[in-house]
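Reader: Could you take me through the largest pocket of this model, and then through its sheet, with the criteria stated as you go?

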Amino acid sequence: MTDPFLQAAIDEAIKGRDEGGIPIGSVLVIDDQIVGRGHNRRIQSGSPVLHAEMDALENAGRLTAADYAKSTLYSTLSPCDMCSGAALLYRIPKIVVGENVTFQGPESYVLGRGIDLQILADQTCIELMRAFIAEHPELWNEDIGV
C-alpha cells in the first residue's frame, strides 16, 4: 500500500502530466496534514523555477521556522540541486522520495547536511518518469539543464 502522502504527490504528478507538463509531484506535510501541494509547472507556466517541490513550498505560503522544523517534504522524484537547496534553506528535516532511478539529485550532500532522506523506489513514480522521458526527451533534458 502506498504511503498516503506519497500518493498525494503522485496525484500531483499525474495532474502535471495531464496539463502537458513533467510528471513530478510534491507535498509538504506538517503534523500529518498536507499544508502545500504542487507539481512541476515549468512548461505550463513558462517558469525556470517551478519544479514540484518549489510549487508545493509556494502553495504552503509563509511558514515559521518552527513549522518547517517539523515538516516532511514528499516528492515523486529525487529533488534537484535547487529543490534540495530550498529544503536545506528552510531546515526541512525529512525528505521522502518516490524514486531516484530516472534522476538522482544531490542525495549525498543532503544526507551530509543532516536531512533524513528516504527513498521508496515506488514503481508508479518510476513508470511515470520513464514514460515521460521516452515520449519527451527534449522537455526532460531542458528540465534537468542538459
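Author: By class, 7 nonpolar, 1 polar and 2 charged residues make up the lining of the largest pocket, where Ala, Val, Leu, Ile, Met, Phe, Trp, Tyr, Cys and Pro count as nonpolar, Asp, Glu, Lys and Arg as charged, and the others, Gly among them, as polar. This is a predicted model, in which local features need pLDDT of at least 70, side-chain atom pairs count only at pLDDT 80 or more, and totals for chains, interfaces and linings use all residues. Residues are numbered from 1 along each chain as its sequence is written, and side-chain values use heavy atoms, with hydrogens and water left out.

Reader: Which element gives the most to the lining of the largest pocket?

Author: A pocket is an open set of points on a 1 Å grid over the protein atoms alone, where a 1.4 Å probe fits, with protein on both sides within 12 Å along at least five of seven lines, and lining residues have an atom within 4 Å of a point. Two or more lining residues come from each of α3 (52–60) and α5 (81–89), helices being DSSP runs (H or I, at least four residues) and strands likewise (E, at least two), numbered from the N terminus. The element that gives the most, with 3 residues, is α3.

Reader: Which strands are the edge strands of the sheet?

Author: The open sheet has 5 strands in the order β2-β1-β3-β4-β5, with mixed pairing, where two strands pair if DSSP finds at least two bridges between them. The strands that pair on one side only are β2 (33–39) and β5 (116–119).
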